[in-house]
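Student: I have a structure to work through. Can we take it as a series of short questions?

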Amino acid sequence: MPIDDDIALLGRVPMLQLLGREGLRAIAISADSRSLAEGEVLFREGQFAESAFVVTAGSFAVSRDEARKDLRGAAQIAGPGVLLGDIALITETKRGATAIALETSTVLRISRVIFMRTVESYPDAAARLADALRDQVANMLGELDMVRQHLESIEPPARPSARR
């Protein structure tokens, strides 16, 4: 895929578009392309994660239930333009799910080292990324607080009295 096509694809990924055109160019130049056959595992739940992947062609079943035989029942189906494993770009982590190709598929692999060097090279991009991550965390905390409030509003079932 020509570099301009890679930049255009990366620019459609919300987290990556925050890097701006020059940042995307740096990522596109450094990204590795990988092809997978139908049924091939891109990554497994629990593996150490040092990179993320942008799907360029095909699709992947992403699921925490690796033992599941019916891949179409996966928690998520990821197609072109989807960023898989985004947390690995900003911190050391383990994979939270398994991704398996549903058909012949291609991804661009972005290493954490390259991503962080790019962010460090473009301070404006780093500020945009920090703002976006702060907003995501704030939204998640708000949603968790709503769940907590809901759970606290549920009355526990009455306990049967003990007979002697």
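**Pockets, a helix and a sheet**

Tutor: Begin with the pocket lining, and keep in mind that this is a predicted model. Two helices, α2 (14-17) and α5 (123-153), each supply at least two residues of the lining of the largest pocket.

Student: Which element gives the largest share of that lining of the largest pocket?

Tutor: The largest pocket holds about 350 Å³ of space. Its lining has 14 residues, and the closest to the centre are Met15, Asp86, Ile87, Leu133 and Gln136. The largest share of the lining, 6 residues, comes from α5.

Student: By class, how many residues in the lining of the largest pocket are nonpolar?

Tutor: Set the other classes aside. The lining of the largest pocket has 1 polar and 1 charged residue. The nonpolar count is 12.

Student: Now the second largest pocket. Which elements give two or more residues to its lining?

Tutor: About 260 Å³ of space lies in the second largest pocket. It is lined by 16 residues, and the closest to its centre are Phe43, Leu84, Gly85, Asp86 and Gly96. The elements that give two or more residues to this lining are β7 (83-84) and β8 (93-94).

Student: How many charged residues are in the lining of the second largest pocket?

Tutor: By class, 9 residues of this lining are nonpolar and 4 are polar. The charged residues number 3.

Student: Turn to helix α4. Which exposed residues does the face turned away from its buried side carry?

Tutor: Start from the buried residues of α4 (residues 112-121): Arg112, Phe115, Thr118 and Val119. They cover an arc of only 130° around the axis, which puts them on the same side of α4. The face turned away from that side carries the exposed residues Arg117, Glu120 and Ser121.

Student: Which strands stand at the edges of the open sheet?

Tutor: The sheet has 4 strands, in the order β1-β10-β4-β7, with antiparallel pairing. An edge strand here has a single partner, so one side of it is left without a neighbour in the sheet. The strands at the edges are β1 (32-36) and β7.

Student: How many bridges join β4 to β10?

Tutor: Strands of a sheet pair through backbone hydrogen bonds, either parallel or antiparallel. Strand β4 (residues 51-57) and strand β10 (residues 105-111) run antiparallel. The number of bridges joining them is 6.

Student: Which residue in β10 stands opposite valine 54?

Tutor: Valine 54 falls within β4, residues 51-57. Standing opposite valine 54 in β10 is leucine 108.

Definitions and conventions: Residues are numbered from 1 along each chain as its sequence is written. This is a predicted model: local features need pLDDT of at least 70, side-chain atom pairs count only at pLDDT 80 or more; totals for chains, interfaces and linings use all residues. Side-chain values use heavy atoms; hydrogens and water are left out. On a 1 Å grid over the protein atoms alone, a cavity is a set of points where a 1.4 Å probe fits but cannot get out, and a pocket is an open set with protein on both sides within 12 Å along at least five of seven lines; lining residues have an atom within 4 Å of a point. Grid points are joined across faces, edges and corners, and a volume is the space filled by probe spheres set on the points. Ala, Val, Leu, Ile, Met, Phe, Trp, Tyr, Cys and Pro count as nonpolar, Asp, Glu, Lys and Arg as charged, and the others, Gly among them, as polar. Buried means under 20% relative accessible area, exposed over 50%, partly exposed in between (1.4 Å probe, protein chains only). The arc is that of the directions from the helix axis to the C-beta atoms. Two strands pair if DSSP finds at least two bridges between them.
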